[in-house]
Amino acid sequence: NVFISGLLASSETRPAAIRGATGLNKKEFTARYKIPYRTWQNWELGIAPCPEYILLLLDRAVQADFGE
């Protein structure tokens with residue numbers, strides 16, 4: 001399950017794993033979930049930590065939107 005693997009990934013790779021489960025590029029993903037592009041980029045690159053609650057909410061949203 002891609003969503004479980006997204007949860008198990010390190011905090012630096014989790015944003016990329018969650019987005020990767022959607023098949024969307026950064027621009028599409030950030031537009032869909034109303035996240036500033038630069039913020040998302042910083043989270044994916046590990047420049048800034050993504051808050052845990054955001055990762056949990058996004059994982060649930062992605063699972064609802066793209067899960068089987």
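**Exercise 1.** In this predicted model, find out which residues R19 touches, leaving out those up to four places away in sequence.

*Solution.* Start at R19 and skip its sequence neighbours up to four places off; you're left with contacts to L24, N25, K26, F29, W40 and E44. Now place R19 itself: it sits in helix α2, residues 14-20. Its relative accessibility is 15%, and buried means under 20%, so R19 counts as buried.

**Exercise 2.** Work out which residues the salt bridges around E44 join into one network.

*Solution.* Step one: the side chains of R19 and E44 meet in a salt bridge, 2.5 Å from N to O. That pair links helix α2 with helix α4 (residues 37-45), across 25 residues. Step two: E44 also forms a salt bridge with K26, with the closest N and O atoms 3.9 Å apart. This time helix α4 is linked to helix α3 (residues 26-32), 18 residues apart. Step three: put the shared partners together, and R19, K26 and E44 make one network. As for exposure, E44 is buried at 14%, while K26 is partly exposed at 21%.

**Exercise 3.** Which face of helix α5 is buried, and which residues sit on the face turned away from it?

*Solution.* First, grab the helix: α5 covers residues 52-66. Next, pick out its buried residues, L55, L58, D59 and V62. Looking down the axis, these fall within an arc of 105°, so they line one face of α5. Finally, check the face turned away from that buried side: there you'll find the exposed residues Y53, L57, R60 and A64.

How values were computed
Residues numbered from 1 in each chain as written. Predicted model: local features only at pLDDT ≥ 70, side-chain atom pairs only at ≥ 80, totals over all residues. Heavy atoms only, no water. Helix = DSSP H or I, 4+ residues; strand = E, 2+ residues; numbered from the N terminus. Expected span 1.5 Å × (residues − 1). Buried < 20%, exposed > 50% of the residue type's maximum accessible area, 1.4 Å probe, protein only. Arc of directions from axis to C-beta. Contact = heavy atoms within 4.5 Å. Salt bridge = Lys/Arg side-chain N within 4 Å of Asp/Glu carboxyl O.
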